[in-house]
Amino acid sequence: MPATRSGTRVSGEVTIPTIKDVAERAGVSVSTVSYALSGKRRISTETRDRVQAAIQALGYRPHAGAQALASRRSQILALVMPAADYFSVSVGMAFVTAITTAARGYGYDVLLMTADEGDEGLRRIAHSALADGVLPMEVEVEDPRVTTIRELGIPAALLGQPADAQGLPWVDLDFAAAGELCVEHLAGLGHRRVGLLGPNAGAYERGLGYALRTLRSTHEAAARHSVSLVAERTGPARRELAGSIRRLLAATPPITALAVYDQEALATVEEVLATDGVRVPTDLSVLAVAAESTARNASPSLSFVDLPVAAMAEHAVALVVGAISGNPAEPVLLSPVLNERGSTAAPQRQSPLPSRGAP
């Protein structure tokens, strides 16, 4: 049975130092050690150094729960995810994994919340100290959550760029540049008739920044490069999605390339092209804006503009931790990178694409 000796707990052969042992070794009071750990009161550099030396010599480890109480922090970040049919599940779960990994590097756990809680959810976080900071995903250009976050004073980092982000850090891919890069790549190969699949209709109608910026820049770049676009939005129904793809394949004059701006649609694109006997890139070049893992797993391996999930997650966590600590940083806009994998080539076919028609 554990015994107590001179303020030190003994369990079998293992001696576990306590805060009292640290205080005795440093020649200070227990409260002074507590202040040195929490930073709640100013103490001299000499005293702080003695406390740190005693901690290192004894191998003392502060109790995590006690530290959280002392600092009045939960060591939790709230990740606010959408709960809508336009939301890409594969992208969302990739962000969950990457953000959780990055947060653990700072000693934080992650609480998942759904965006349909709206202001109520944000106010609950602020009033109950449920989390130290929030990471809202799928940010709209005119996002009402921005106003609420400012009003409540919650430390936050936005995964997306709103129109007015003054005072709030955010991280995003430069989706305007991504759309332009797709058009420039295809136009450079000689394509002048391009099918555009996506963005998701729900994301566009909701005013999500990535959907609006990508689509606008794609049309502007197409006009500059004399590229004709044939567009179809995507939605949640797989059957309707297959119909949208086949309408693009049946376009007159025929398209020679397809740009896909909805990662969730890629599996259906692959299925329809295989079923209808459309060869990539001989009959049709295919280019996507997608996470690297998704593009690599496609058959054939897709040329793609990378959606840098890991980098965005790491920046977002660093930004919100900085906001929590009172050290705000500048927003981060990541430049798009195009990776050629063999699914894009110069146009070789001018006759209509083979298609079995709408399902």
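**View 1. The largest nonpolar core of this predicted model, with 35 residues.** Look here for Leu-77, Leu-79, Phe-95, Ile-99, Leu-135, Leu-159 and Val-171, the residues with the most contacts inside the core. Several elements chip in at least two residues each: strand S4 (76-81), helix H5 (89-104), strand S8 (170-173), helix H14 (309-324) and strand S14 (332-334). H14 gives the most, with 9 residues. Elsewhere there's a second, separate core of 26 residues, and Val-230, Leu-248, Ala-288 and Ala-298 are among its members.

**View 2. Leu-79 and the residues it touches.** Zoom in on Leu-79, one of the residues with the most contacts inside the largest core. Leaving aside residues up to four places away in sequence, Leu-79 touches Val-96, Ile-99, Val-110, Leu-111, Leu-112, Met-113, Leu-135, Met-137 and Leu-159.

**View 3. An open sheet of 3 strands.** The strands line up in the order S7-S8-S14, and the pairing is parallel. On the edges you'll find strand S7 (158-159) and S14, each pairing on one side only. S7 and S8 are joined by 2 bridges, and Leu-158 stands opposite Trp-170 in S8. S8 and S14 also turn up in the first view, as each supplies at least two residues of the largest core.

**View 4. An open sheet of 6 strands with mixed pairing.** Read across this one as S10-S9-S11-S12-S13-S15. Its edge strands are S10 (228-234) and S15 (338-339), and each of them pairs on one side only. Helix H10 packs on the sheet, where it touches strand S9 (193-200) and S10; the direction of H10 makes about 170° with that of S9.

**View 5. Strand S11 and its partners S9 and S12.** What holds a sheet like this together? Strands of a sheet pair through backbone hydrogen bonds, in either a parallel or an antiparallel way. Here S9 and S11 run parallel and are joined by 4 bridges, with Gly-195 opposite Leu-258 in S11. S11 and strand S12 (residues 285-290) run parallel too, again with 4 bridges, and Ala-259 stands opposite Leu-287 in S12. Now check which way the side chains of S11 go: Ala-257 and Ala-259 point one way, Leu-258 and Val-260 the other way, and all are buried.

**View 6. The antiparallel pair S13 and S15.** Strand S13 (residues 303-306) pairs with S15 in the antiparallel sense, over 2 bridges. To find the spot, look for Val-305, which stands opposite Leu-338 in S15.

**View 7. The aromatic pair, Phe-175 and Tyr-210.** The structure holds 1 aromatic pair. The ring centres of Phe-175 and Tyr-210 are 5.7 Å apart and the planes sit at 45°, so the pair is tilted. Phe-175 belongs to helix H8 (residues 175-188) and Tyr-210 to helix H10 (residues 209-224), so this pair links distant parts of the chain, 35 residues apart. Is each ring buried or partly exposed? Phe-175 counts as buried because its relative accessibility is 10%, while Tyr-210, at 22%, counts as partly exposed.

**View 8. A charge over a ring: Arg-233 and Tyr-204.** The charged end of Arg-233 sits over the ring of Tyr-204, 4.0 Å from the ring centre.

**View 9. Two cis peptide bonds, ahead of Pro-253 and Pro-300.** Most peptide bonds are trans. The bond joining Thr-252 and Pro-253 is cis, with omega about -10°, and Pro-253 has its place in the loop between helix H11 (238-249) and strand S11 (257-260). The bond from Ser-299 to Pro-300 is cis as well, with omega near 0°. Pro-300 is in the loop between helix H13 (292-297) and S13.

**View 10. Positive phi at Gln-75 and Glu-138.** Most residues other than glycine have a negative phi. Gln-75 has a phi near 60° and lies in the loop between helix H4 (64-71) and S4. Glu-138 has a positive phi of about 50°; look for Glu-138 in the loop between strand S6 (133-136) and helix H7 (144-152). At 27% relative accessibility Gln-75 counts as partly exposed, whereas Glu-138, at 15%, counts as buried.

How values were computed
Residues numbered from 1 in each chain as written. Predicted model: local features only at pLDDT ≥ 70, side-chain atom pairs only at ≥ 80, totals over all residues. Heavy atoms only, no water. Phe/Tyr/Trp six-rings, centres within 6.5 Å; stacked < 30°, edge-to-face > 60°. Buried < 20%, exposed > 50% of the residue type's maximum accessible area, 1.4 Å probe, protein only. Lys NZ or Arg CZ within 6 Å of the ring centre and 35° of its normal. Pairing = 2+ DSSP bridges. Contact = heavy atoms within 4.5 Å. Axes fitted to C-alpha atoms, helices over the stretch in contact; angles between N-to-C directions. Core = buried A, V, L, I, M, F, W, Y, C linked by side-chain atoms within 4.5 Å.
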